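Please open the model in your viewer and keep the selection panel at hand. The stops below go from the sheet to the helices, then to the core, the charged pairs and a few single residues.

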Amino acid sequence: MRWWVRTVAPARQNRQLQHTYAAAEAVQALAGKGVRGFSNGAEVLVGSHALFHEENGVCGELHAQVEAAEAQGQTVMLVGKDDNVLGFVGVADAPRPDSA
């Protein structure tokens with residue numbers, strides 16, 4: 001089981017979130033870029049800023065926010081449905097005090 005499933009599933013139950021999504025079908029890994037699949041007849045794309053530029057040519061109104069997050073050292077993953085960018089998640093590790 002993936003680490004994020006072990007993290008998200010209990011959090012969903014603890015927060016009593018009732019909304020669920022259909023499982024993705026025909027999921028395709030895009031090496032080093034992201035994943036593509038279909039859910040409820042819609043194409044769903046999750047991946048890098050570069051992937052969204054390759055696939056759609058743009059990342060919509062979020063472009064400046066995505067670039068700002070990347071400039072702060074965050075790894076950004078965008079989420080899209082069909083040809084629309086829905087949002088993004090930026091993650092970063094804080095350097096450990098004992099790291100060189």
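**Starting on the sheet**

Select Q28 and R36 to begin: R36, in β2, is the bridge partner of Q28. The model you are looking at is a predicted one. Now widen the selection to β1 and to strand β2, residues 34-39, which run antiparallel and are joined by four bridges. Extending the view further brings in an open sheet of five strands, ordered β1-β2-β3-β4-β5, with antiparallel pairing. At its edges lie β1 (25-30) and β5 (84-91), each of which pairs on one side only. If you look along the sheet, the twist from one strand to the next averages 15 degrees.

**The helices on the sheet**

Select α2 next, and follow how this helix lies across β1, β2, β3 (42-47), β4 and β5, while running at about 145 degrees to β3. Then add α3, which packs on the sheet by touching β4 and β5, and whose direction makes about 155 degrees with that of β4.

**The nonpolar core**

Which residues make up the largest nonpolar core? Select L30, L45, L51, F52, C59, L62, V66, A69, V76 and L78, the ten residues of which this core consists. At least two of its residues come from each of α2 (49-56), α3 (63-71) and β4 (75-81).

Centre the view on L78 and display what surrounds this side chain. When neighbours within four places in sequence are left aside, the contacts of L78 include L45, F52, C59 and V66, and also among them are H49, V85 and F88.

**The charged pairs**

Side chains of opposite charge can pair when their charged atoms come close. In the whole structure, a search finds three salt bridges.

Select E54 and K33, whose side chains meet in a salt bridge with an N to O distance of 3.0 Å. Because E54 lies in helix α2 and K33 in the loop between β1 and β2, this pair ties together parts that are 21 residues apart in sequence. K33 has a relative accessibility of 36% and therefore counts as partly exposed.

Return now to R36, and show E43 and E55 with it, since these residues are linked in a network of salt bridges. Between E43 and R36 the closest N and O atoms are 2.8 Å apart, and between E55 and R36 they are 2.5 Å apart. The pair of E55 and R36 links distant parts of the chain, 19 residues apart, with E55 in helix α2 and R36 in strand β2. Is R36 buried or exposed? At 14% relative accessibility R36 counts as buried, whereas E43, at 23%, counts as partly exposed, and E55, at 38%, likewise counts as partly exposed.

**Three single residues**

Most residues other than glycine have a negative phi. Select A26, in strand β1, where phi takes a positive value near 50 degrees; with a relative accessibility of 61%, A26 counts as exposed. Then go to D82, in the loop between β4 and β5, which has a positive phi of about 55 degrees although it is not a glycine, and which counts as partly exposed at 39% relative accessibility.

Finish at E67, found in helix α3, and draw a distance from its C-alpha atom to that of H49: the two atoms are separated by 8.6 Å, although the residues are 18 apart along the chain. E67 has a relative accessibility of 42% and so counts as partly exposed.

Key
Residues are numbered from 1 along each chain as its sequence is written. This is a predicted model: local features need pLDDT of at least 70, side-chain atom pairs count only at pLDDT 80 or more; totals for chains, interfaces and linings use all residues. Side-chain values use heavy atoms; hydrogens and water are left out. A nonpolar core is a set of buried Ala, Val, Leu, Ile, Met, Phe, Trp, Tyr and Cys residues joined through side-chain atoms within 4.5 Å. Buried means under 20% relative accessible area, exposed over 50%, partly exposed in between (1.4 Å probe, protein chains only). Contact means heavy atoms within 4.5 Å. Two strands pair if DSSP finds at least two bridges between them. Axes are lines fitted to C-alpha atoms, for helices over the stretch in contact, and angles run from 0 to 180 degrees between N-to-C directions. A salt bridge is a side-chain nitrogen of Lys or Arg within 4 Å of a carboxyl oxygen of Asp or Glu.
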